Amino acid sequence: MKILVSVALVLSICVMRGIPGMFPNLHAMISTVNVPMARMEDLYANHEDSLFSSNWEVADFSFEEFEVIGTEDDQGNPDVEYTISGFSKDGMKKLKKKKRVVLPSVGAGGRVPTWIAEGAFCDMEIEEVEIPGNYTHIQFRAFKNCRIKRLVLHEGVVYANKFAFADNAVEEIVFPASFRYAAEGAFKGNKLKKLIFPSNIESIGKEAFMENEIEEIVFEGKIRHIHERAFAKNRLAVVRIPKSLRNLCEGIPGIHPQAFSDNPGVENPKKAGEYKVVLLTPKRNNPFSLESRGNFIVDPEDWGV
């Protein structure tokens with residue numbers, strides 16, 4: 001049966017690609033394969049390597065130009081970004097059946113969109129979304145409250161603005177090397193369990209990853225700021241931090257006192273009932289005398305970690 005299904009899939013692709021001339025008896029061959037035609041759409045949907053694993057088209061989306069406030073030149077002309085602003089009417093119809101969305105790399109008229117507009121897909125029922133690297137900026141609430149379980153960001157994506165992916169169900173995310181900043185609440189209220197921050201990320205915004213299920217964080221670069229409640233309400237006990245953090249950086253606390261609040265932490269062996277998130281520097285020697293604040297303690301001795 002598996003062989004017959006695979007044959008049907010390959011032959012059907014040939015028909016849809018317009019090459020039946022290469023096989024004069026192609027339609028007859030397909031008709032002899034014992035696979036109900038009503039199931040063919042399911043075959044394409046479940047075949048991850050198929051050319052039809054995503055059939056979203058430019059016509060399924062709407063686009064617009066966005067004037068960026070504060071970028072005006074001497075003549076008062078602002079920078080203009082070409083953005084994707086949501087689904088078209090055709091796209092809304094398609095979304096009823098297809099919950100895996102792949103944004104287009106090219107927009108209307110062959111123009112390349114670079115931003116995802118504010119609230120573009122907010123409150124839509126999307127289970128998976130894939131964002132190509134031409135979208136450098138993902139704006140406010142772009143995918144808030146969409147029920148997203150799987151998120152793919154390609155190399156080129158730089159910035160997730162306030163609440164861009166808040167209130168979804170994302171369990172895993174791989175940040176591309178190009179990614180630089182997650183703003184306030186950008187990934188708040190998901191189901192993330194582990195985070196690996198690439199070298200270009202220097203700052204974690206307020207509440208950016210609050211209310212997830214994070215148990216492990218890896219910093220690969222020179223992080224400078226971890227803002228208020230950035231990792232609050234997760235499942236953190238021990239976090240290894242880079243030596244790039246300071247008590248103050250550019251007049252702002254390197255680690256906000258509430259950055260790790262409401263996490264289980266580790267029990268203080270010298271004070272029963274007190275729990276704190278343990279932050280460990282690379283050599284566990286706290287070379288820049290980071291202060292222990294709020295719900296975290298830096299390089300404690302005799303804590304068994």
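## Salt bridges in this model

A salt bridge here is a side-chain nitrogen of Lys or Arg within 4 Å of a carboxyl oxygen of Asp or Glu. By that rule, the count for this chain comes to 17 salt bridges. Please keep in mind as you read that the model is predicted.

## The chain as a whole

Let us start with the overall picture. The chain has 305 residues, and 45% of them count as buried. Its secondary structure consists of four helices and 19 strands.

About 16,300 Å² of the chain is exposed, with carbon and sulfur atoms supplying 50% of that area. Among contacts in the chain with a separation of 6 or more, 39% are between residues 24 or more positions apart.

## Lys-94 and Asp-60

Now for some individual salt bridges. Which residue forms a salt bridge with Lys-94? The partner is Asp-60, and the closest N and O atoms of the pair are 2.8 Å apart. Lys-94 belongs to helix α4 (residues 89-95), while Asp-60 sits in the loop between α3 (40-46) and β1, so the salt bridge ties together parts that are 34 residues apart in sequence.

Is Asp-60 buried or exposed? Asp-60 counts as buried because its relative accessibility is 4%, and buried means under 20%.

## Two bridges between loops

Glu-184 and Lys-162 meet through their side chains in a salt bridge, with an N to O distance of 3.9 Å. This pair links distant parts of the chain, 22 residues apart: Glu-184 is in the loop between β9 (181-182) and β10 (194-197), and Lys-162 is in the loop between β8 (159-160) and β9. Glu-184 has a relative accessible area of 22%, so Glu-184 is partly exposed. Lys-162 also counts as partly exposed, at 35% relative accessibility.

Arg-229 and Asp-262 form a salt bridge too, at 3.3 Å from N to O. Where do these two residues lie? Arg-229 is in the loop between β13 (225-226) and β14 (238-240), and Asp-262 is in the loop between β16 (252-253) and β17 (266-267); the pair links distant parts of the chain, 33 residues apart. Arg-229 is buried, with a relative accessible area of 17%, whereas Asp-262 is partly exposed at 46%.

## A network of charges

Salt bridges can also be followed through a group of residues. Arg-100, Glu-128, Glu-130 and Arg-150 are linked in a network of salt bridges.

## A negative patch on the surface

Which residues form a negative surface patch? The patch is made of Glu-67, Glu-72, Asp-73, Asp-74 and Asp-79. One of them, Asp-73, is found in the loop between β1 (61-68) and β2 (79-87). Asp-73 counts as partly exposed because its relative accessibility is 38%, and the partly exposed range runs between 20% and 50%.

## Two residues with positive phi

Finally, have a look at the backbone. Glu-211 has a phi near 60 degrees, a positive value in a residue other than glycine. Glu-211 lies in the loop between β11 (203-204) and β12 (216-219), and counts as partly exposed at 32% relative accessibility.

Asp-302 also has a positive phi, near 60 degrees, and is likewise a residue other than glycine. You will find Asp-302 in the segment after β19 (296-298). With a relative accessibility of 63%, Asp-302 counts as exposed, since exposed means over 50%.

Methods:
Residues numbered from 1 in each chain as written. Predicted model: local features only at pLDDT ≥ 70, side-chain atom pairs only at ≥ 80, totals over all residues. Heavy atoms only, no water. Patch = residues over 30% accessible without salt bridge, like charges linked within 9 Å, V, L, I, M, F, W, Y side chains within 5 Å. Areas by Shrake-Rupley, 256 points an atom, 1.4 Å probe, with all protein chains shown as cover. Lys, Arg positive; Asp, Glu negative; His and termini not counted. Charge placed at Lys NZ, Arg CZ, Asp CG, Glu CD. Buried < 20%, exposed > 50% of the residue type's maximum accessible area, 1.4 Å probe, protein only. Contact = heavy atoms within 4.5 Å.
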